[in-house]
Amino acid sequence: AQQQYAALRELPATARCGSTVSLNMNAGLMADLPSLEGSGAEGVGLYRTELQFLIRSKVPRRSEQAALYSRILDAGQGKRVVFRTLDIGSDKVLPYMRPADEPNPALGWRAIRLGLDRKGVMRMQLQSLLRGANGRPLALMFPMVAQFDEYREARELVLNEIEKERALGHTLPSNVEIGAMLETPSLAFAPDAFFKMVDFVSIGGNDLKQFFFAADRENERVRRRYDTLNISYLSFIGQIVDRCTAHGTPVSFCGEDAGRPTEAACFAAMGLRTLSMRPASIGPVKHMLRQINLDDLRRVIDGAAARGEQSARPVVEAWLRKQGL
Ligand code: PEP
Ligand code: MG
């Protein structure tokens with residue numbers, strides 16, 4: 001199988017119906033970057049910046065942050081890298097930035113909430129990203145945005161930092177894209193103006209699924225209880241894609257489920273055309289997508305929904321088996 005995947009490396013993930021899905025990789029350490037070449041990923045769809053913070057005993061200096069971002073862009077050799085701003089709290093606890101004990105950390109003071117309340121750390125990271133880009137295009141996104149105002153405020157901070165960098169005479173990125181992760185169901189129902197303003201949306205399925213089903217992603221008792229191919233969840237994903245598409249907003253999916261071939265196929269059938277996953281999943285997902293017709297798969301999923309089935313998995317797996325997949 002490894003050889004088979006290697007043979008696919010230079011080929012696009014074009015399905016039998018003619019649609020092509022862009023496959024990108026998730027990363028979080030400099031050590032992940034060689035995979036960008038080896039896996040055939042089009043770019044880095046999610047770079048988890050908190051890892052640099054998690055392996056330190058204090059906040060990395062601005063120069064250290066900027067140097068890392070710059071090296072990542074060097075390693076990317078012009079491929080698009082999406083930097084996710086600090087996602088601290090809940091499952092990612094910083095010893096030196098420890099939120100007070102919270103009864104429900106996943107629902108607590110985390111990610112962009114913490115960033116907007118502690119703007120110093122956020123500003124320093126934004127400056128580091130702008131400087132690390134050093135004239136190259138920069139794509140960044142904020143985690144756990146739950147309402148339009150949080151995005152608006154964070155976007156304003158980025159624009160302010162750009163103006164400050166300009167005033168200092170520093171080289172600005174050639175282009176800046178400011179995205180939002182869609183990880184809370186509320187954001188899917190944000191006003192149209194949000195979808196018009198945001199440069200791109202990236203669905204964080206790990207968190208979105210836990211909040212959609214109210215099932216803790218860290219709790220072994222419940223985390224596998226709800227199927228990713230549950231009809232309600234797939235139709236929710238489809239609705240998010242449709243809203244983004246209606247506003248011309250690029251949308252991608254970067255949770256772990258994108259790296260599972262059957263799940264990736266169903267997301268593509270629901271309309272997603274950009275996925276980001278761990279590098280080792282790119283071969284298997286591409287292999288799957290190239291064998292199937294997404295329009296036919298969509299009809300299989302819609303059929304399960306029409307019959308009132310809870311999950312599309314049984315019919316989807318049977319359909320794949322019939323094709324020897
Ligand atoms: C997600 O929630 O799907 C995601 C990509 O972010 P993380 O797993 O880092 O929370
Ligand atoms: Mg998340």
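The protein has 15 helices and nine strands. Helices (H or I, at least four residues) and strands (E, at least two) are DSSP runs, numbered from the N terminus. The model is predicted: local features need pLDDT of at least 70, side-chain atom pairs count only at pLDDT 80 or more, and totals for chains, interfaces and linings use all residues. Residues are numbered from 1 along each chain as its sequence is written, and chains are lettered from A and ligands numbered from 1 in the order in which they are written.

The radius of gyration, 20 Å, is close to the 20 Å that the globule rule gives for 325 residues, so the protein is as compact as a globular protein of that length. This radius is taken over C-alpha atoms, and the rule is 2.2 Å times the number of residues to the power 0.38. The C-alpha trace spans about 60 × 45 × 35 Å along its principal axes.

Ligand 1 is surrounded by Leu46, Arg48, Asp87, Glu183, Gly204, Gly205, Asn206, Asp207, Cys254 and Gly255. A residue is near a molecule if its C-beta atom, placed from the backbone, lies within 6 Å of it. Two elements, β3 (44-48) and α10 (205-213), give two or more residues to this shell. Helix α10 gives the most, with three residues. The shell holds two nonpolar, four polar and four charged residues. Here Ala, Val, Leu, Ile, Met, Phe, Trp, Tyr, Cys and Pro count as nonpolar, Asp, Glu, Lys and Arg as charged, and the others, Gly among them, as polar.

Helix packing was examined next. Axes are lines fitted to C-alpha atoms, for helices over the stretch in contact, and angles run from 0 to 180 degrees between N-to-C directions. Helices α6 (residues 119-133) and α7 (residues 148-167) pack at about 55 degrees, with axes 10 Å apart. The two are therefore oblique to each other. Angles under 35 degrees count as roughly parallel, over 145 as roughly antiparallel, 65 to 115 as roughly perpendicular and the rest as oblique. The crossing of α6 with α7 is right-handed, the near helix being turned clockwise from the far one by less than a right angle. From α6, Lys119, Met122, Arg123, Leu126, Gln127 and Leu130 meet Leu157, Val158, Glu161, Ile162 and Glu165 of α7. Contact requires C-beta atoms, placed from the backbone, within 7 Å. Six of these residues are nonpolar, one is polar and four are charged.

Helix α14 (residues 294-306) packs against two partners. With α12 (residues 261-269), the angle is about 95 degrees and the axes are 8 Å apart. These helices are therefore roughly perpendicular. Ala265, Cys266, Ala268 and Ala269 of α12 meet Leu294, Leu297, Arg298 and Ile301 of α14. This contact has seven nonpolar, no polar and one charged residues.

The axes of α14 and α15 (residues 313-322) come within 9 Å and cross at roughly 145 degrees. This crossing is right-handed. Val300, Ile301, Gly303 and Ala304 in α14 meet Val315, Val316 and Trp319 in α15. Six of the residues are nonpolar, one is polar and none is charged.

Conventions: Two residues are in contact if their C-beta atoms, placed from the backbone, lie within 7 Å.
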